[in-house]
Amino acid sequence: EATEADLSRRQMYESPPPDARIEEIRPSGRQGVLWRISVSSDAIEAERVSVARLPREIVDDLRLESGTRWTPALASAVLEAAHRSEARRYALNALSVRSMSSGRLLTKMVARGAPKEIASSVVEELERSGLVDDRSMAEQIGRSALAQNPVGARVLEARLRRRDIRASVAREVAEELTADRDAAADAERVG
């Protein structure tokens, strides 16, 4: 059930009152990594509404300052930046625990509430930076799987797909890793 603060926050994004202004921008939490943006308006019962928590560089990029008019365009830009920041923060935390395929990471971010377009953009950014690498992951998984149980390319491709490796990458890696295998030696090994 939505609280009064949730309803006020939603109103500030969906249809901000004409007199809405940024009331305060201040560090949020002890580390000061994120900055809380609060907006006020005479039309809202609450004294001020916390609308977002953003990294300082985004606050600066959007040129957010106390007293700035809170327009629909600014609300939209802040909401998108907040979604992107949260999705990126979640992705980096998830990747610090274990590596993931781009598909699995995308699924987790969307399940957590990130808009799909923003989650896709964050995954692409992490792929460009090398933090997400489906091909490398598929090769590691494939070599490990083949060392434990020799299988053909189709079975290996299916295993990689179950790990949310993109179909084209799964197919290429499965074919490459099984191309030089000796089927008779594999059968003898399984025995």
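Guide: In this predicted model, the face of helix α7 that is turned away from its buried side carries Arg154 and Arg162, both of them exposed residues.

Visitor: Which residues of α7 are buried, and what makes them line one face of the helix?

Guide: The buried residues in α7 are Leu156, Glu157 and Leu160. Looking down the axis of α7, one finds these buried residues within an arc of 100 degrees, and therefore they line one face of the helix. What covers them includes helix α6, residues 134–148, together with α8.

Visitor: Why are α7 and α8 called oblique to each other?

Guide: Helix α7 (residues 153–162) and helix α8 (residues 167–179) pack at an angle of about 140 degrees, with their axes 8 Å apart. Angles over 145 degrees would count as roughly antiparallel, and those of 65 to 115 as roughly perpendicular; an angle of about 140 degrees belongs to neither range, so the two helices are oblique to each other. Their crossing is right-handed.

Visitor: Which residues of α7 meet α8?

Guide: On the α7 side they are Ala153, Leu156, Glu157, Leu160 and Arg161, and among the residues they meet in α8 are Ala167, Ala170 and Val173. The residues of this contact divide into eight nonpolar, one polar and four charged.

Visitor: How do you know whether Ser38 is buried or exposed?

Guide: Ser38, which lies in strand β2 (residues 34–40), has a relative accessibility of 4%. Buried means under 20%, so Ser38 counts as buried. Leaving aside neighbours within four places in sequence, Ser38 is in contact with residues including Arg21, Ile22, Arg48 and Val49.

Definitions and conventions:
Residues are numbered from 1 along each chain as its sequence is written. This is a predicted model: local features need pLDDT of at least 70, side-chain atom pairs count only at pLDDT 80 or more; totals for chains, interfaces and linings use all residues. Side-chain values use heavy atoms; hydrogens and water are left out. Helices (H or I, at least four residues) and strands (E, at least two) are DSSP runs, numbered from the N terminus. Buried means under 20% relative accessible area, exposed over 50%, partly exposed in between (1.4 Å probe, protein chains only). Contact means heavy atoms within 4.5 Å. Axes are lines fitted to C-alpha atoms, for helices over the stretch in contact, and angles run from 0 to 180 degrees between N-to-C directions. Angles under 35 degrees count as roughly parallel, over 145 as roughly antiparallel, 65 to 115 as roughly perpendicular and the rest as oblique. A crossing is left-handed if the near helix is turned anticlockwise from the far one by less than a right angle, and right-handed if clockwise. Ala, Val, Leu, Ile, Met, Phe, Trp, Tyr, Cys and Pro count as nonpolar, Asp, Glu, Lys and Arg as charged, and the others, Gly among them, as polar. The arc is that of the directions from the helix axis to the C-beta atoms.
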